[in-house]
Amino acid sequence: MKKITTTEALATFCKEAAKRAYVTVDTEFLRERTYYSKLCLVQLAYRDEAGEDAVLVDPLVDGLSLAPLYDLFRDHGVVKVFHAARQDLEIFYVDEGVIPEPLFDTQVAAMVCGFGEQVGYETLVRKIAKADLDKSSRFTDWSRRPLTEAQAQYALADVTHLRDIYEFLSDQLVKNSRKKWVAEELAVLQNPQTYEADPENAWKRVKTRTQSGRFLAIVRELARFRETYAQARDIPRNRVFKDDALVELASTKPKSEQDLGRSRLLLREARKGEIAQGILQAVQDGLNVAADDLPSIHNPRAKLQVNPALAEMLRVLLKAKTDHEGVAPKLIASSADLDALAGGERDVPALKGWRREVFGHDALRMCDGLVGLAVKGQKVVTVAL
């Protein structure tokens with residue numbers, strides 16, 4: 001096991017990695033007690049004709065800077081390979097404002113190569129690398145030191161097998177001419193807005209059954225306060241108050257700490273002090289929003305008149321197309337998307353990019369009455385009408 005505990009050693013490794021075509025990357029972190037993820041370990045590996053190398057970088061060591069790693073992330077000559085990269089990328093973006101480029105996510109690549117939707121790393125290790133993972137260290141406190149040998153080997157396996165997986169999937173994408181598919185899917189991961197938690201938009205994550213503008217205004221102000229408070233103190237938003245308590249507060253509209261004391265769902269710590277005052281101010285701010293500025297939930301599909309027969313035909317068409325291409329149906333269109341198409345909606349992912357090539361083009365023709373379905377042997381095919 002090679003462990004990096006100094007900036008100089010990390011710079012040396014990254015300098016060597018920069019000579020390679022790709023480097024595999026993974027992280028271990030904690031988030032149960034903080035708003036932002038606490039980075040506890042970075043795993044890196046590469047391979048070339050001269051051999052291979054894999055290391056554990058310990059960011060908890062005093063004085064170690066990740067600057068050499070961030071320089072490597074900015075090097076466009078080296079592909080940075082992750083599996084299910086979103087949380088890893090969020091850590092690096094929040095810490096340094098950097099998103100590795102070029103980027104390759106093996107989970108995304110596996111989906112378009114026929115391994116199913118959101119396929120797990122363990123599955124790819126078993127099917128592609130022909131190996132088994134030791135799961136004994138899966139649930140562990142990665143902030144504790146020293147790491148055990150089992151923990152170290154578990155962490156390294158997340159980047160060593162990833163080399164085989166990347167090389168296999170990369171070849172498959174070339175053979176299947178699907179590199180463009182992956183590039184489209186990675187656009188979201190490479191967009192900085194994916195990792196920016198704006199308190200102004202926090203209310204949109206809260207599930208409510210009420211569409212009242214005044215109610216939503218209070219929800220918006222409460223969610224904004226909670227997000228700002230949690231970010232400033234680096235604590236989980238649920239430690240301030242949970243969503244069910246937020247919805248309750250928007251309904252009861254408390255005006256005093258005495259009113260807060262009657263809440264069934266509010267944490268005891270939130271019934272007094274800074275949080276209590278923040279709640280009361282947020283409720284008042286929501287009540288004071290001008291009628292013209294009240295928020296609303298935009299749902300253009302709510303009034304769609306869905307043609308159920310057409311929706312069922314679209315489902316059959318989607319199954320036929322995805323069977324032929326070897327991709328998961330949900331990767332192209334959800335059941336709600338198909339209903340929307342059958343109701344006349346055209347702003348759906350299935351009609352854009354590679355999804356349009358695979359399914360959307362014929363789906364539109366079906367909606368327009370230009371094609372139907374027929375059975376040919378064991379296959380369902382489209383026929384012109």
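## Val316 and its surface patch

Val316 counts as partly exposed, because its relative accessibility is 38%, a value that falls between the 20% and 50% cut-offs for buried and exposed. In this predicted model, Val316 sits in helix H13, which covers residues 308–325. Together with Val375 and Val380, Val316 forms a nonpolar patch on the surface, and the three share about 240 Å² of accessible area.

Helix H13 also carries a salt bridge: Asp323 pairs with Lys319, and their closest N and O atoms are 2.7 Å apart. Both residues belong to H13 and stand four residues apart, about one turn of the helix. Asp323 is partly exposed at 49% relative accessibility, and Lys319 is partly exposed too, with a relative accessible area of 46%.

## The chain as a whole

Stepping back, the protein chain has 16 helices and eight strands. Its C-alpha atoms fill a box of roughly 70 × 70 × 35 Å along the principal axes. Of the 385 residues in the chain, 46% are buried.

## Aromatic pairs

How many aromatic pairs does the structure hold? There are 14. One of them joins Phe115 and Phe168: the ring centres are 6.5 Å apart and the planes meet at 80°, so this pair is edge-to-face. Phe115 lies in the loop between helix H4 (106–112) and helix H5 (121–129), while Phe168 is in helix H6 (residues 149–176), so the contact ties together parts that are 53 residues apart in sequence. Phe115 is partly exposed, with a relative accessible area of 22%, and Phe168 is partly exposed at 36%.

Phe225 and Phe241 make a pair with another geometry: their ring centres are 6.4 Å apart and their planes are at 20°, so the pair is stacked. This pair links distant parts of the chain, with Phe225 in helix H8 (residues 213–233) and Phe241 in the loop between helix H9 (237–240) and helix H10 (243–252), 16 residues apart. Both Phe225 and Phe241 are buried. Elsewhere, Tyr70, Phe73, Phe82 and Phe92 form one aromatic cluster.

## The HRDC region

A UniProt record, an unreviewed entry, places the feature "domain: HRDC" at residues 212–293. Over that stretch the chain is 67% helix and 0% strand, and the end C-alpha atoms are 13 Å apart. Here you can also find a charge over a ring: Arg233 lies over the face of Tyr229, at 3.7 Å from the ring centre.

## Salt bridges and a charged network

Side chains of opposite charge can pair when their charged atoms come close. The structure holds 28 salt bridges. One of them brings together the side chains of Arg224 and Glu200, at 2.6 Å from N to O. Arg224 is in helix H8 and Glu200 in the loop between helix H7 (179–189) and H8, so this pair, 24 residues apart, links distant parts of the chain. Arg224 is partly exposed, with a relative accessible area of 22%, and Glu200 is partly exposed at 39%.

Another salt bridge joins Lys352 and Asp347, whose closest N and O atoms are 2.9 Å apart. Is each partner exposed or partly exposed? Lys352 is partly exposed, at 46% relative accessible area, whereas Asp347 counts as exposed at 53%. Finally, salt bridges that share partners join Glu200, Arg220, Glu221 and Arg224 into one network.

Notes: Residues are numbered from 1 along each chain as its sequence is written. Side-chain values use heavy atoms; hydrogens and water are left out. Patches are made of residues with over 30% relative accessible area and no salt bridge: like charges are joined within 9 Å, nonpolar side chains (Val, Leu, Ile, Met, Phe, Trp, Tyr) within 5 Å. Accessible areas come from the Shrake-Rupley method with a 1.4 Å probe; for residues, only the protein chains shown count as cover. A salt bridge is a side-chain nitrogen of Lys or Arg within 4 Å of a carboxyl oxygen of Asp or Glu. Helices (H or I, at least four residues) and strands (E, at least two) are DSSP runs, numbered from the N terminus. Buried means under 20% relative accessible area, exposed over 50%, partly exposed in between (1.4 Å probe, protein chains only). Rings of Phe, Tyr and Trp (its six-membered ring) pair if their centres lie within 6.5 Å; planes under 30 degrees apart count as stacked, over 60 as edge-to-face and the rest as tilted. A charge sits over a ring if NZ of Lys or CZ of Arg is within 6 Å of the ring centre and within 35 degrees of the ring normal. UniProt positions are given in the numbering used here, feature names are shortened, and annotations may be inferred rather than shown by experiment.
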